[in-house]
Each structure stands twice: as structure tokens, then as C-alpha cells.
Amino acid sequence: MSSLTDNSLERYLVENQARFYRLAYSYLKHPEDAMDAVQTAVCRAMERRSALRDPASCRSWFCRILVNVCLDELRRRGRTLPLSEWEEVGREDPPPADESLAQRIDQLPLAVGTVIKLRFYEELSLREIANVTGNNVSTVKSRLYAGLKKLKISMEGENIE
């Protein structure tokens, strides 16, 4: 990769840091964890910049790195319970559900929620989402439309599960 492309990558990473934070936060729901995820993803991208063959695919390439970092953190969290959540363990009734759209998207299966976040939060094309997720375009389409259908049902007052 030429230094011109290196500069382009650095410029892309700096110019879009707010967008990356928003995507990471949509997965992790903690400001510090989201910032850590973005930092980790940027470091990985810089270390692996030679793997970026086509500068035009920089956006989907970096989103894939960032999503993978976030999913790794979610898997790690699944093995531990943060101290802030200890008080929630003893509750008999779950806290009331938030009616926000973001909360509803988070209730979807992870693969479906990822497609919706990448499509509507990051405005990636279906092909770019397929590259990020490692799925074919048909799978991305079916997950997108299934997720949108579940969200519509949810917005009409039914449970999305």
C-alpha cells in the first residue's frame, strides 16, 4: 500500500471517528467501552492496512473490523458480570422496556440487528453489508426485511420475539 493510501486511510479514520463511536455505542451501550472499541479497531486497521487492496472499500473494510471488535467485547461480557449490574441480578421484575427504536433494534437477534444498524445508521449498501458480515447479499436482504417486519410489528404494539 502506498503512502498516499496510508494518508487516505488515516484521513478517513480521523474524519469519521464520531460515526465509528456511534456504531460502537449502538452495540456496547457504554461510552468508555465504545471509545475503547473504536481505538482498538483503529489500531487493528493501521496494523492491517496492507490487507486493504481496494481503497474504495475502505468503509466496509473498517466497519467489519469495528463490528468484530464490538462482538468480541459482547462475547467477553457474556462471561463476566460488571459490578454495576449486580444490583439488577436480584430483581424479581425486569425494568420497564424502553420504547425507543434503538431499544427495539437491540432486542432483535444480533445478526439481524447488525444488518439494520449498518444499513440505516451507517448507510452501507447491501453489498457492503455482505462484505462486513461475511454473508451473501441474499442473506443480508432476508435479514434486513425480516428485521424491518419485526420492527413494524413491534411498533404496532406486539412483542418482537
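Reader: By class, how many nonpolar, polar and charged residues are in the lining of the largest pocket?

Author: Happy to help, and please keep in mind that this is a predicted model. The largest pocket has a volume of about 300 Å³, and 16 residues line it. Sorted by class, this lining has 8 nonpolar, 4 polar and 4 charged residues.

Reader: Which elements give two or more residues to the lining of the largest pocket?

Author: Let's begin at the middle of the pocket: Ser-26, Tyr-27, Lys-29, Asp-106 and Lys-117 lie nearest its centre. The elements that give the lining two or more residues are α2 (17–28), α4 (58–78), α6 (101–107) and α7 (110–121).

Reader: Which residue lies over the face of Tyr-27?

Author: Tyr-27 is among the residues nearest the centre of the largest pocket. A charge counts as over a ring when, for Lys, NZ is within 6 Å of the ring centre and within 35 degrees of the ring normal. At 4.2 Å from the ring centre of Tyr-27, the residue over its face is Lys-117.

Reader: Why is the pair of Phe-20 and Phe-62 called stacked, edge-to-face or tilted?

Author: The structure holds 3 aromatic pairs. In the pair of Phe-20 and Phe-62, the ring centres are 4.3 Å apart. Planes under 30 degrees apart count as stacked and those over 60 as edge-to-face; the planes here are at 45 degrees, so the pair is tilted.

Reader: Where in the chain are Phe-20 and Phe-62?

Author: Both residues are buried, and together with Tyr-12 they form one aromatic cluster. Their pair links distant parts of the chain, 42 residues apart: Phe-20 is in helix α2 and Phe-62 in helix α4.

Notes: Residues numbered from 1 in each chain as written. Predicted model: local features only at pLDDT ≥ 70, side-chain atom pairs only at ≥ 80, totals over all residues. Heavy atoms only, no water. 1 Å grid on protein atoms, 1.4 Å probe; cavity = no way out; pocket = protein on both sides within 12 Å on 5 of 7 lines; lining within 4 Å. Points joined across faces, edges and corners; volume = space filled by probe spheres on them. Helix = DSSP H or I, 4+ residues; strand = E, 2+ residues; numbered from the N terminus. Nonpolar A, V, L, I, M, F, W, Y, C, P; charged D, E, K, R; others polar. Phe/Tyr/Trp six-rings, centres within 6.5 Å; stacked < 30°, edge-to-face > 60°. Buried < 20%, exposed > 50% of the residue type's maximum accessible area, 1.4 Å probe, protein only.
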